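Good morning, and thank you for coming. I will present one protein chain, and I ask you to keep the display in view as I speak.

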Amino acid sequence: VEARQFAGRSGFQEYDTGVFINIPWLWRGKYKAMVKEARDGKGMAEAELQAEINMTMLDVKETYTKADTALRLMKLYDETLLPKARQLIEATRAAYETGDVTFLELVEAQKALREAQLAQARAMTEHGRSRAELDSITAPWGPREFATGLVTPDMK
């Protein structure tokens with residue numbers, strides 16, 4: 001039973017009555033539609049999960065490639081370029097002492113060595129950064145994650 005009173009008037013102006021009965025087997029189509037909607041929602045959630053898995057795998061592969069490239073570059077500098085730059089300095093120094101090259105050429109050889117060392121340090125930094133990013137993506141759950149309660153031991 002409902003009663004309504006309009007603003008500024010005294011007493012009730014309207015009365016409504018009604019009986020509402022919910023009989024599920026009469027509304028079969030409504031419940032079938034709800035089940036279909038839930039299945040569709042589940043399908044959409046599974047598709048979103050697969051998309052996230054694909055994006056994560058892409059990130060892992062990309063980051064691994066960066067780390068591997070930086071490691072190869074570090075080895076290249078360590079095994080080839082830095083020894084060659086040191087040999088260049090020694091050869092240029094010997095030539096300078098005999099008067100075959102100018103002081104500027106000796107300084108340029110030293111500059112080439114410093115640039116190679118700097119490039120190697122940058123490659124080392126990139127390798128470390130990429131490895132840290134890989135670890136943050138692929139690391140196992142730790143005590144901190146378990147302490148939050150969002151991750152349970154059976155989720156390992």
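**Two helices and their salt bridges**

The residues of α2 that count as buried are Leu106, Ala109, Leu113, Ala116, Gln120, Ala123, His127, Ser130 and Leu134. Please note that the model on display is a predicted one. What covers these buried residues of α2 includes α1.

Let me now place α2 within the chain as a whole. The chain contains 3 helices and 2 strands. Along the sequence, these elements follow the pattern β-β-α-α-α. The chain has 156 residues, of which 14% count as buried. Its accessible surface amounts to about 13000 Å², and carbon and sulfur atoms account for 58% of that surface. Consider next the contacts in the chain with a separation of 6 or more: 47% of them join residues 24 or more positions apart.

I turn to α1, which runs over residues 28-98. This helix has 71 residues, and its first and last C-alpha atoms lie 102 Å apart. That span is close to the 105 Å expected at 1.5 Å a residue. Even so, α1 has a kink of about 45 degrees, centred on Tyr77. Tyr77 is also one of the buried residues of α1. The others are Val60, Thr63, Ala67, Ala70, Met74, Leu82, Ala85, Ile89, Thr92 and Ala95. Against which element do the buried residues of α1 pack? They pack against α2. After α1 comes Gly99, whose phi is positive, near 90 degrees.

The second helix, α2, covers residues 103-138. At 1.5 Å a residue, its 36 residues should span 52 Å, and the end C-alpha atoms are indeed 52 Å apart.

One residue of α2 shows how the two helices meet. Gln120 lies in helix α2. Is Gln120 buried or exposed? Its relative accessibility is 14%, so Gln120 counts as buried, the limit for that class being under 20%. Which residues does Gln120 contact, if its neighbours within four places in sequence are left aside? They are Met74, Tyr77, Asp78 and Leu82. Three of these names, Met74, Tyr77 and Leu82, you have already heard among the buried residues of α1. Tyr77 therefore appears in this account as the centre of the kink, as a buried residue of α1, and as a contact of Gln120.

Leu104 also has its place in helix α2, but its surroundings are of another kind. At 56% relative accessibility, Leu104 counts as exposed, because that class begins over 50%. Together with Tyr96, Phe103 and Val107, Leu104 makes a nonpolar surface patch of about 390 Å². The largest share of this patch, 3 residues, comes from α2.

I come now to the charged side chains. In general, side chains of opposite charge can pair when their charged atoms come close. How many salt bridges does a search of the whole structure find? The search finds 5, and I shall describe some of them.

In α1, the side chains of Lys42 and Glu46 form a salt bridge, with a distance of 3.9 Å from N to O. Why can these two residues face one another along the helix? Lys42 and Glu46 are 4 residues apart in α1, and so they are separated by about one helical turn. Lys42 counts as exposed, at 54% relative accessibility, while Glu46 is partly exposed, at 45%.

In α2, Lys111 forms a salt bridge with Glu115, and their closest N and O atoms are 3.9 Å apart. Here too the residues are 4 apart in the helix, about one turn. Lys111 is partly exposed, with a relative accessible area of 43%. Glu115 also counts as partly exposed, at 46%.

A further salt bridge joins Glu126 to Arg129, with the closest N and O atoms 3.0 Å apart. These two residues are 3 residues apart in helix α2, and this again amounts to about one helical turn. Glu126 counts as partly exposed, with a relative accessibility of 27%.

To close, I return to the two helices. The buried residues of α1 pack against α2, and α1 is in turn part of what covers the buried residues of α2.

Terms used:
Residues are numbered from 1 along each chain as its sequence is written. This is a predicted model: local features need pLDDT of at least 70, side-chain atom pairs count only at pLDDT 80 or more; totals for chains, interfaces and linings use all residues. Side-chain values use heavy atoms; hydrogens and water are left out. A salt bridge is a side-chain nitrogen of Lys or Arg within 4 Å of a carboxyl oxygen of Asp or Glu. Buried means under 20% relative accessible area, exposed over 50%, partly exposed in between (1.4 Å probe, protein chains only). The expected span of a helix is 1.5 Å times one less than its number of residues. The bend at a residue is the angle between axes fitted to the seven residues ending there and the seven starting there. Contact means heavy atoms within 4.5 Å. Accessible areas come from the Shrake-Rupley method with a 1.4 Å probe; for residues, only the protein chains shown count as cover. Patches are made of residues with over 30% relative accessible area and no salt bridge: like charges are joined within 9 Å, nonpolar side chains (Val, Leu, Ile, Met, Phe, Trp, Tyr) within 5 Å.
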